[in-house]
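Work through the exercises below with the sequence and the coordinates at hand, and try each task before reading its solution.

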Amino acid sequence: MNCIAEDGHCIWYEECGRNAMGRVTNCYYNGAALQLTNKEALKTLKSMCSMFYNGPDTYTCCAPDQIRRLSDQLVLIKLLFGDCPSCFYNFRSLFCSMTCHPQQSHFITVREFGNSTLYPGKQTVESITNVLADDFAQRILDSCRDVLYPDSDQHSLDTMCGRPYDRCTKESLFNYLGLDNPSQPFPIYFNLTNNTCQNNYYNQSTFQCNEPVHTQYENQPMCDHSDCPKAPPKPSPPDVPGKYSNISIRMTELIIVPDNQTFQTHYYLSPPGPLSEIVVGPALDLNFLTQVLDLQTNILNLEGYLPPDNISVRLTDICLKPSNTNCAVFSVLQYFQNSRDNLNKSIGDDFFLYADYITHIFQCSTKKPSLNDTLLNLSCFSDFGGIIHPTVVFSNYPNTKHTIEAKGLVITIIIENSNKPEKIQKAEAWEKAFINYMQNFTAIQDSLRAEKRLNELANFTVYYSNEHSIKNELNTMIWSNNQSNIK
Ligand SMILES: CC(C)CCC[C@@H](C)[C@H]1CC[C@H]2[C@@H]3CC=C4C[C@@H](O)CC[C@]4(C)[C@H]3CC[C@]12C
């Protein structure tokens, strides 16, 4: 094979619309790399492709729209390999070089052209050959071989290689990446070569999994021992002893059961994957959870009035605050820190859903409760700092291993008890306001139901109780509505 001596140039620049298969392809361009001036694109390039960032003097074969798409996709790779910075870095350098390298033509050739429908007259790149140094490919694979999907014991390569990680070879990995994986926009024929012509393939220094990623623009730790047997194990922090065992409390409790009692199956590209399904109970319907969050927010903001002067009593005046900030409220919505934005978080691409509120609840309720969901960047901790145990916030589930199949939710609000009469009176004032609010709420539900307006607040049933209702009504637990409704 002859060594090419020419100066490299680009093979593409800018996206050229969707092709007949519905995939976004790039416009063919065989000129010199262009200066990147778009601020946003420069910033993204610096964080995702720092190996091709050169300050204000950055020239690339990728336009801002390509950089955005590349970055969106790399975020997904980060979900798979993110806990191992060197493996993630090595993958980035692969896809960044392919998309942006200013002398692309040295190692990429266009196999098939097409015609742009978006820009008539322009040619598109419909498939490419990308030549890589054989040992570069091997080093990428080696750095990622033992990496586990975040918070799981499933290997990331099981998803990335199209076959189990221990049977993954550089050939199968690059075949899968370029040709077989469903997120691939157009065929990429990777060609691994041992040839020695400097200019005819792409090679790049990599980081091993037990090396920190350290470059001019990046500084990240080595991978954890669990992702990289060569890396030393870290000592684990000691357990915090239980704190609140001597506190006397009063509880306000709600059980909320949706009318629609159907189970649903959701599909994800995640462990135990590659494509996994999660069956969830009626209580995990997103609309239902959203309605419950609204109800819960209203309840937590209720104001009671303490006679004789009708002094206002808010929940925060009387509740138990385990870490001196927010009230102890046990609810599944605490897995989202009671935030609607958090509840609505999801991650995926055109083809796959990777993570959303269900995978989050699944992780919080089946894995260690202190978990930080790295996929959604969401913790499982409540906003009051405590751990939420799934058996406390779900009801009517088949067994403790399958709380996610719950048919109802439980919300428990903890109020501090005391021997001081004025404190007790305050608590009672708020508890009374709660009972009034709920009586009013269920009355509104009843009238909506009577009018068959079942989608507005009336498609679930609430059972509620607290000290006030106990004391004032039967001196035993009393539930609103008829108990026979509990399934
Ligand atoms: C999660 C597993 C199954 C797939 C992981 C590999 C994915 C992330 C890889 C495979 C092919 C890659 C794409 C190949 C070509 C282009 C065109 C370029 O202009 C923008 C980046 C983009 C769009 C790449 C983004 C990342 C990509 C989609």
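Three exercises follow, each with a worked solution.

The model is predicted, so that local features need pLDDT of at least 70 and side-chain atom pairs count only at pLDDT 80 or more, while totals for chains, interfaces and linings use all residues. Residues are numbered from 1 along each chain as its sequence is written.

**Exercise 1.** Determine which element gives the most residues to the shell around the ligand.

Solution. Start with the residues near the ligand, meaning those whose C-beta atom, placed from the backbone, lies within 6 Å of it; 17 residues surround the ligand, and the closest are Gln66, Leu70, Gln73, Thr99 and Asn181. Next, assign them to helices (DSSP runs of H or I, at least four residues, numbered from the N terminus): α2 (64–81), α3 (85–100) and α5 (157–160) each give two or more. The most come from α2, with 7 residues.

**Exercise 2.** Describe how α1 and α2 cross.

Solution. Fit lines to the C-alpha atoms over the stretch in contact, taking angles from 0 to 180 degrees between N-to-C directions; the axes of α1 (residues 39–48) and α2 then come within 9 Å and cross at roughly 40°. Finally, list residues in contact (C-beta atoms, placed from the backbone, within 7 Å): among them are Leu45 and Met48 of α1 and Ile67 and Leu74 of α2.

**Exercise 3.** Check the length of α3 against its expected span.

Solution. The expected span is 1.5 Å times one less than the number of residues; the 16 residues of α3 should therefore span 22 Å, and the end C-alpha atoms are 21 Å apart, which agrees.

Terms used. Contact = placed C-beta atoms within 7 Å.
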